[in-house]
Amino acid sequence: MMDNPFCFDWTTPFGLPPFGAIEAVHFLPAFVEGMRLERAEVAAIVVERREPTFANTIEALERCGAFLRRVADVFSNLNASHTNAELQAIARETAPLMAGHRSAISLDATLFQRVDAVFARRVELGLGAEALRLVEKTHKRFVRAGARLEPAEKLRLAEIDSALASKTTLFGQNLLADTAAFTMLLAPEEDATGQGVVTLQRSSIEPFLQLSPRRDLREKAFRAWTARGDNGNEFDNKALIGEIVALRRERAQLLGYRNYALYSLDDKMAKSPEAARQLLDQLWAPAMDTARREAATLQQAMDEEQPGRRLAAWDWRYFAEKVRQGKYEIDGEATKAYFSLERMLEATFWVAGRLFGLELRERTDLPKYHADVRTWEVWRADGELVGIFYGDYYARPEKRSGAWMSSLRDQQRMDGNMTAVVTNNLNFNKPPTGKPTLLSHDDARTLFHEFGHALHGLLSDVTYPSLSGTNVPRDFVEMPSQLYEHWFEDKSVLGKFARHYETGETIPEVMLSKLKAAANFNQGFEMVEYLASAYVDLEWHLLEEGEVVEVAEREAQWLLALGMPEAILMRHRSTHFSHIFGSPMGYAAGYYSYRWSAVLDTDAFAAFEEAGDAFDPAVAELLLRFIYSAGATQDPMALYQAFRGRAPETGALMRSLGFEPR
Ligand SMILES: [Zn+2]
């Protein structure tokens with residue numbers, strides 16, 4: 001440990017991780033030391049003889065584990081962005097250690113007694129709003145982890161969690177195997193996508209369903225795709241679904257909830273399954289109307305090509321693509337010339353300047369873990385440092401796929417102000433030296449999205465680390481990021497930054513309007529297939545004791561009650577719905593969150609539209625105060641209402657999708 005960088009204060013600029021000095025061999029001993037230190041810190045709280053107070057219990061708990069957090073933050077970032085076999089082995093070794101470490105703390109009966117005692121007196125303690133919120137959140141975290149249970153119940157909870165871990169893992173492995181079990185070789189004349197073979201991966205079958213004129217092959221592939229996990233073979237997931245649903249219900253009931261949906265929603269923004277369902281209900285009828293109109297258009301296109309046939313589920317994507325191409329004809333390559341990474345970065349930063357008075361100054365001399373990583377200081381107009389922003393934009397074999405924001409250090413000021421260190425990771429293709437990085441319209445949007453998350457971390461202005469930045473419920477966390485995408489669509493931003501990388505010419509108006517119209521195409525279909533999955537997810541987790549679980553029948557019955565159209569299937573049928581069955585908790589009873597966030601972001605942006613200015617200073621100030629800087633210091637619904645002056649409404653989302661309200 002003597003030469004382990006985690007054992008020393010970091011003398012780097014801004015106390016950034018000294019990446020040059022950190023080696024893989026340092027992590028395991030640092031994890032072990034971090035857990036030892038946190039156990040000792042927690043033990044000091046437990047043996048405290050004085051009466052439990054906010055300071056000696058709740059605040060003391062907030063201080064625990066700082067060493068471990070520093071190790072875990074650096075490790076998880078490196079393992080995601082720049083991994084290798086050594087780091088992956090450390091991840092496998094430390095994951096169960098960390099899980100055991102966490103649960104030992106949350107199930108410590110004496111510790112919980114102290115937390116519970118402070119919680120019971122929380123009102124009379126005269127705490128500030130943020131401290132009160134911290135007491136409530138800490139208490140709830142313990143209770144939801146099982147702190148209130150009798151010893152025998154704690155044992156049962158551990159059994160359930162371990163059974164859920166193995167059954168959901170098996171669900172995922174079955175799904176992988178059943179997905180891989182089907183391939184369809186294509187003769188050259190059948191191969192509209194040039195893949196040679198169709199697999200049941202979304203990235204293979206979706207283009208095939210869009211482009212193959214062979215109706216018989218589309219039907220065959222579509223039926224295989226939608227039957228994954230439901231083939232009655234060794235990889236069938238139906239029995240597992242029954243078991244997973246029953247285990248989750250038992251877990252919820254142990255903790256005092258009637259069903260799993262009530263348990264899951266209790267610490268979300270929506271708070272209750274009814275509220276989530278109400279939102280889905282508001283979208284369902286208008287989405288169905290739109291889907292019906294879309295179906296009529298597609299049927300027309302089909303009548304021209306194959307008269308006398310009725311549009312089926314395996315026809316939808318094919319004719320939708322035909323109609324889309326006929327209507328919008330977008331040349332993706334030509335579009336890219338207007339979205340260079342440099343200009344789009346300038347654009348995201350400029351918007352942050354207009355809205356929140358931020359200025360980003362690039363530094364080339366800060367510690368980093370890969371030569372392609374870029375670093376910026378983030379300053380406020382009043383001359384105060386907000387934090388440090390890391391941008392890691394290029395795909396590498398050592399990097400996880402997708403795009404994400406994460407944190408190397410959370411903002412807090414419990415013991416002096418600690419600024420945030422935040423990262424954005426994307427996976428753009430790196431151009432040859434000297435060539436610009438050109439982004440697709442979607443990639444440029446993703447850049448804005450992730451920078452929205454980054455701002456939520458950077459602008460955080462709270463006292464306690466648990467309440468900092470993006471530590472908010474899942475149905476709220478996408479709001480600041482999706483909201484930021486709206487400035488990507490704003491004319492003043494595009495006019496200024498969507499310029500040809502060679503000529504500097506502004507993106508042509510017709511190209512822009514085509515991109516915009518194309519984005520709204522087929523939204524009825526997409527909403528209906530999404531909503532059906534979201535409803536079915538809730539239904540599974542609302543089931544109560546004694547109800548027989550017959551997967552296929554249940555699903556069919558719920559869809560019938562909805563009035564699901566024949567030509568649209570659920571986006572994810574239960575037997576391959578890995579969002580909700582592929583991990584112990586995952587998105588179980590939470591698939592609604594995606595559209596919940598969409599309602600919030602469109603409704604929030606409408607506040608600027610109503611003010612007549614996408615950068616209206618008064619609205620921006622409220623947005624900063626109650627959303628981007630507030631972390632989890634208040635209930636998310638209360639924060640939203642404080643920003644918007646009312647509860648969220650679905651009207652703005654429906655207008656943006658071209659839906660007509662009923
Ligand atoms: Zn996101």
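**Zinc site, a buried asparagine and a helix pair**

Glu478 is partly exposed, with a relative accessible area of 23%. The model is predicted, and in it Glu478 is one of the protein donors of a zinc ion, together with His449 and His453. This briefing covers the zinc site, then Asn424, then the packing of helices α21 and α22.

**Zinc site**

- The zinc ion has His449 (NE2), His453 (NE2) and Glu478 (OE) as its protein donors, at 2.1 to 2.2 Å.
- Along the sequence, these donor residues follow the spacing H-x3-H-x24-E.
- His453 and Glu478 link distant parts of the chain, being 25 residues apart. His453 belongs to helix α16 (residues 441–458), while Glu478 sits in the loop between α17 (474–477) and α18 (479–489).
- His453 has a relative accessible area of 8%, under the 20% limit, and therefore counts as buried.
- The value for Glu478 is 23%, which lies between 20% and 50%, so this residue counts as partly exposed.

**His449 and its surroundings**

- His449 is also placed in helix α16, and it is buried, with a relative accessible area of 13%.
- Beyond its neighbours within four places in sequence, His449 is in contact with Glu478, Ser481, Gln482 and Glu485.
- With Glu478, His449 also forms a side-chain to side-chain polar contact of 3.0 Å.
- Met479 is 30 residues from His449 in sequence, and the C-alpha atoms of the two are 9.7 Å apart in space.

**Asn424**

- Asn424 is part of strand β7, which covers residues 420–428.
- The relative accessible area of Asn424 is 1%, so this residue is buried.
- Its side chain reaches the backbone oxygen of Glu450 at 3.1 Å.
- Setting aside neighbours within four places in sequence, the contacts of Asn424 include Phe389, Tyr390, Gly391 and Asp392. Trp404, Met405, Glu450, Phe451 and Ala454 are also in contact with Asn424.

**Helices α21 and α22**

- Helix α21 (residues 523–542) packs against helix α22 (residues 551–562) at an angle of about 125 degrees, and their axes are 10 Å apart.
- That angle makes α21 oblique to α22, because it falls outside the ranges for roughly parallel, roughly antiparallel and roughly perpendicular.
- The two helices, α21 and α22, have a right-handed crossing.
- On the α21 side, the residues that meet α22 are Ala532, Tyr535, Val536, Glu539 and Trp540.
- On the α22 side, they are Val551, Arg554, Glu555, Trp558, Leu559 and Leu562.

Conventions
Residues numbered from 1 in each chain as written. Predicted model: local features only at pLDDT ≥ 70, side-chain atom pairs only at ≥ 80, totals over all residues. Heavy atoms only, no water. Helix = DSSP H or I, 4+ residues; strand = E, 2+ residues; numbered from the N terminus. Buried < 20%, exposed > 50% of the residue type's maximum accessible area, 1.4 Å probe, protein only. Polar contact = N/O pair within 3.5 Å; in protein donor to acceptor, adjacent residues only side chain to side chain. Contact = heavy atoms within 4.5 Å. Donors = N, O, S within 2.8 Å, 3.2 Å for Na, K, Ca; no water. Axes fitted to C-alpha atoms, helices over the stretch in contact; angles between N-to-C directions. Parallel < 35°, antiparallel > 145°, perpendicular 65-115°, else oblique. Left-handed = near helix turned anticlockwise from the far one by under 90°.
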